[in-house]
Amino acid sequence: MSSTTDPTPAPAYTGAPATGQPQTGVRNGIGTTALVLGILALITSWTVVGGIVLGLLAIILGAVGRGRAKRGEATNGGSAVAGLILGVVSIIIAVVLVAVGGTWLAHHKTQLQKLQACDKSATTQAERNSCNQQFQKSVNNGN
């Protein structure tokens, strides 16, 4: 009696359905990166680099991640959308802050020039303090 054995081992169970097509992994990296960049952009939105550059990257990666989720390549579509939204909010905050800061500087340009001239001519700390007090008064009075 000879026993015949099959020399090929049984395939290992992977938990995936046998569809005949190769299984690809879920690609959640872009959506997660968009969310992280969106959070960082919001936290640093008071800076140009943080608010605008990181915000733009979050928007781009969020759109790509959302597309992957729609095609079924990723499972974190919500993270991608959240990153996209945070990127948009960060850019809006940064642009508003730049506009407000630019307007303030343009309005107070003369006072700033006077402060610089006063500081250059001051020889003691008391004179510099006086220059700063005059600048603060002129800004507070709206002059």
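Author: The expected span of a helix is 1.5 Å times one less than its number of residues. This rule will serve us below, as we read a model that is predicted.

Reader: Before applying the rule, I should like an overview. How many helices and strands does the protein have?

Author: There are five helices and zero strands. Read from the N terminus, the order of elements is α-α-α-α-α. Of the 143 residues in the protein, 22% are buried. The accessible surface amounts to about 10,000 Å², and carbon and sulfur atoms account for 64% of that surface.

Reader: What share of the contacts between residues at least 6 apart in sequence joins residues at least 24 apart?

Author: A contact requires heavy atoms within 4.5 Å. Among contacts between residues at least 6 apart in the sequence, 67% link residues at least 24 apart.

Reader: Let us return to the rule for helices. How does the reach of helix H1 stand against the expected 21 Å?

Author: Helix H1 comprises residues 29–43, which is 15 residues. From its first C-alpha to its last it reaches 21 Å, close to the expected value of 21 Å. Helix H2 may be read likewise: for its 23 residues a span of 33 Å is expected, and the 32 Å between its end C-alpha atoms agrees with this.

Reader: Which residues of H1 are buried?

Author: A residue counts as buried when its relative accessible area is under 20%. In H1 the buried residues are Gly31, Ala34, Leu37, Gly38 and Ala41. They lie on the same side of H1, because the arc they cover around the axis is only 125°. Their cover includes helix H2 (48–70) and helix H3 (77–107).

Reader: What do the buried residues of H2 pack against?

Author: They pack against H1 and H3. Among the buried residues of H2 are Gly50, Gly55, Ala58, Leu61, Gly62, Gly65 and Arg68.

Reader: I should like to follow one residue of H1 closely. Which residues does alanine 34 touch, not counting those up to four places away in sequence?

Author: Alanine 34, in helix H1, touches Ala58, Leu61, Gly62, Ala80 and Gly83, with residues up to four places away in sequence left out. Its relative accessibility is 0%, so alanine 34 counts as buried. A comparison of sequence and space is also instructive: alanine 34 and glycine 65 are 31 residues apart along the sequence, yet their C-alpha atoms are 7.7 Å apart.

Reader: Threonine 33 also lies in helix H1. What is its relative accessibility?

Author: The value for threonine 33 is 37%, so this residue counts as partly exposed. The C-alpha atom of threonine 33 is 9.3 Å from that of leucine 57, and the two residues are 24 residues apart along the chain.

Reader: How should I read salt bridges, and how many are there?

Author: Side chains of opposite charge can pair when their charged atoms come close. The cut-off applied here is a side-chain nitrogen of Lys or Arg within 4 Å of a carboxyl oxygen of Asp or Glu. By that rule there are two salt bridges. One of them joins arginine 27 to glutamate 73, with 3.6 Å between the closest N and O atoms. Arginine 27 is in the segment before H1 and glutamate 73 is in the loop between H2 and H3, so this pair ties together parts 46 residues apart in sequence.

Reader: Which residue besides arginine 27 pairs with glutamate 73?

Author: Arginine 71 does, at 3.2 Å from N to O. Arg27, Arg71 and Glu73 are thereby joined into one network by salt bridges that share partners. As to accessibility, arginine 71 is exposed at 56%, while arginine 27 is partly exposed at 42% and glutamate 73 is partly exposed at 27%.

Reader: Which residues form a nonpolar patch on the surface?

Author: Val88, Ile92, Val96 and Val100 form it, and together they have about 330 Å² of accessible area. One of these, valine 96, belongs to helix H3 and is partly exposed, at 44% relative accessibility.

Reader: Finally, is cysteine 131 buried or exposed?

Author: Cysteine 131 is buried, since its relative accessible area is 3%. It is found in helix H5, residues 125–141. Leaving aside residues up to four places away in sequence, cysteine 131 touches Leu115, Cys118 and Asp119. From cysteine 131 to lysine 114 the C-alpha distance is 8.6 Å, and the two are 17 residues apart in sequence.

Terms used. Residues numbered from 1 in each chain as written. Predicted model: local features only at pLDDT ≥ 70, side-chain atom pairs only at ≥ 80, totals over all residues. Heavy atoms only, no water. Helix = DSSP H or I, 4+ residues; strand = E, 2+ residues; numbered from the N terminus. Buried < 20%, exposed > 50% of the residue type's maximum accessible area, 1.4 Å probe, protein only. Arc of directions from axis to C-beta. Patch = residues over 30% accessible without salt bridge, like charges linked within 9 Å, V, L, I, M, F, W, Y side chains within 5 Å. Areas by Shrake-Rupley, 256 points an atom, 1.4 Å probe, with all protein chains shown as cover.
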